[in-house]
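Welcome! Please take a moment with the sequence and the model below, and then read on for a short tour.

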Amino acid sequence: MVDVADQLETVLSQRESGASTTAVHGRVQGRRLKAGNSLVTPITQTATYTFADTADLCAFMEAKMWGADATMAERGEYGRYGNPTVRAVEKRLAALDNGDDALLYPTGMAAVTNVLLSILPSGSHVIFTDDCYRKTRQFCNTFLRRLGIESTQVPMGDYEALASAIRENTRVIISESPTNPYLRVVDLKRLVQVARRHRVKTIIDATFATPVNQRPLDLGIDLVIHSGTKYLSGHNDIMAGVVVGEAGLLHALRQSQGMLGGVIDPHAAYLLERGLKSLALRVRQQNRSAQAVAEYLEGHPKIERVWYPGLASHPDHKAAREQMAGFGGVVSFTVAPVRGEEPLDTTSRLIDAMTIPYIAPSLGGVESLIEQPALMSYYELSTEERQSIGIRDNLVRFAIGIEDTEDLIGDLDQALARI
Ligand SMILES: *Cc1c(COP(=O)(O)O)cnc(C)c1O
């Protein structure tokens, strides 16, 4: 008699499953038993792992040194070198982004910094695009510079500038897509073309897109990074970071992680896996609401301008349509000036008049969050300094949660009526 689960395994392995199925089950379908026959991935809360006897220890060391026995090599040795709960989530994340392997870190920034520190030798050069996560830019300009690694910032969307910024010693191009806060979208195929011509590695921070909306590895990008703090975990309750890519690169990164020491806690990994199961449902709802909110705002007389890749008016709408399955849950907009009032203050009044979103940094969770970047990430700068890096005083970043679309629009409507 043919086992139903075995049959299912055969059927599903013939085609690639959708994002939601992969988010719930990972790449391997069908019957797979977990410790204690638990349905849910158990949390292995341990700092170290034991060996039955000396022969067992030596068999493991042989497997680790010479790669003889893959199953043996995957067994636990010490907490900094791996954990079964963490490993299960890494496999799920690799499947979602269609990479060979994935590596988890305790935060998104730990993922960014560990990757750059691991692959950039001293004397090398890295290119990053403007409109990128501020801490990534600061890391390049301070830490990497101190290590003798130079960096060049190129304007987003200028592929000629990108090509001419490449030098003999350039090793990496890193960019976000979509970016924060203007949701600029890199033409990934074009980026890969330019980079490959010069044998430069490409890294995309795809936090804003998630693997549900965009899979950069499928388009030839070498490494994808996500802050797992955002959509992947989705509940604003943990911090995490992940890197996904090809097996050889990931193996090297794993070795560095064992030295640098930044590993995620198994309990946080468990919560990340729990969040992942509803990733596709959440992201699709957030895509829908964000599109509706962006269209509503674009037609409102008290709004100056809206940035959302799903709008035809967005500078990268074409690239976004070609390479994304959805446009994400973040909408940025500027508030029209009110006579006799500083734009900074009019905008704050709008934010304070909203009742559903919380005022907080971050994005991607079930709760909507709203912020005025001028007062959140760029508070210490003057209006002129902010202007010079493109942060307008009347800019709002609205990170949509999973509340009902009509309620979010209703809330915006009443708040706009009050300014
Ligand atoms: C939040 C974020 C990061 C940093 O992630 P943490 O988990 O906060 O360290 C990096 N890149 C992008 C695009 C982000 O939104």
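## Two covered helices

A residue is called buried when its relative accessible area is under 20%. With that cut-off in hand, we can look at helix H12, keeping in mind that this is a predicted model. In H12, the buried residues are Pro266, Ala268, Ala269, Tyr270, Leu272, Glu273, Gly275 and Leu276. That makes 8 of the 11 residues of this helix, which runs from 266 to 276, so H12 is mostly covered. What does the covering? Helix H2 (19-25), helix H5 (84-96), strand E1 (101-105) and helix H13 are among the elements that cover the buried residues of H12. Where H12 starts, a side-chain oxygen of Asp265 comes to within 2.9 Å of the backbone nitrogen of His267.

Helix H6 (residues 108-119) is another one to find. Because 9 of its 12 residues are buried, H6 is largely enclosed by the rest of the structure. Gly108, Ala110, Ala111 and Val112 are among the buried ones, as are Leu116 and Ile119. At the start of H6, a side-chain oxygen of Thr107 lies within 3.4 Å of the backbone nitrogen of Met109. The length of H6 can be checked too: at 1.5 Å a residue, the helix should span 16 Å, and its end C-alpha atoms are 17 Å apart, which agrees.

## Two domains

How is the chain divided? Domain 1 covers 12-46 + 83-276, and domain 2 covers 279-416. The C-alpha centres of the two domains are 25 Å apart. To the contact between them, domain 1 gives 33 residues and domain 2 gives 39 residues.

## An open sheet and its helices

Now look for a sheet. Strands of a sheet pair through backbone hydrogen bonds, either parallel or antiparallel. Here 5 strands form an open sheet with mixed pairing, in the order E8-E9-E12-E11-E10. Strand E8 (303-307) and strand E10 (358-359) each have a single partner strand and stand at the edges, so one side of each has no neighbour in the sheet. Strand E9 (residues 330-335) and strand E12 (residues 395-399) run antiparallel and are joined by 5 bridges. In this pair, Val330 sits opposite Ala399 of E12.

Helix H13 (residues 279-298) packs on the sheet, where it touches E8, E9 and E12, and its direction makes about 15° with that of E9. Helix H15 (residues 343-353) lies across E9, E10, strand E11 (369-371) and E12, at about 135° to E9.

One residue to pick out in H13 is Gln291. Is Gln291 buried or exposed? Its relative accessibility is 18%, so Gln291 counts as buried. The side chain of Gln291 makes a polar contact of 2.8 Å with the side chain of Glu295. Beyond its neighbours within four places in sequence, Gln291 touches Tyr308, Gly310, Leu311 and Phe327.

## Details in the loops

The loop between strand E4 (170-176) and helix H9 (188-197) holds Pro178, and Pro181 lies there as well. A cis peptide bond with omega of about -10° joins Ser177 to Pro178. The bond from Asn180 to Pro181 is also cis, with omega near 5°.

Two residues other than glycine have a positive phi: about 55° for Asn37, and near 85° for Ser362. Asn37 belongs to the loop between H2 and helix H3 (54-66), and Asn37 is exposed, with a relative accessible area of 62%. Ser362 is in the loop between E10 and E11, and Ser362 is buried at 19%.

Note on methods: Residues numbered from 1 in each chain as written. Predicted model: local features only at pLDDT ≥ 70, side-chain atom pairs only at ≥ 80, totals over all residues. Heavy atoms only, no water. Helix = DSSP H or I, 4+ residues; strand = E, 2+ residues; numbered from the N terminus. Expected span 1.5 Å × (residues − 1). Buried < 20%, exposed > 50% of the residue type's maximum accessible area, 1.4 Å probe, protein only. Polar contact = N/O pair within 3.5 Å; in protein donor to acceptor, adjacent residues only side chain to side chain. Pairing = 2+ DSSP bridges. Contact = heavy atoms within 4.5 Å. Axes fitted to C-alpha atoms, helices over the stretch in contact; angles between N-to-C directions. Domains from an automatic or database assignment.
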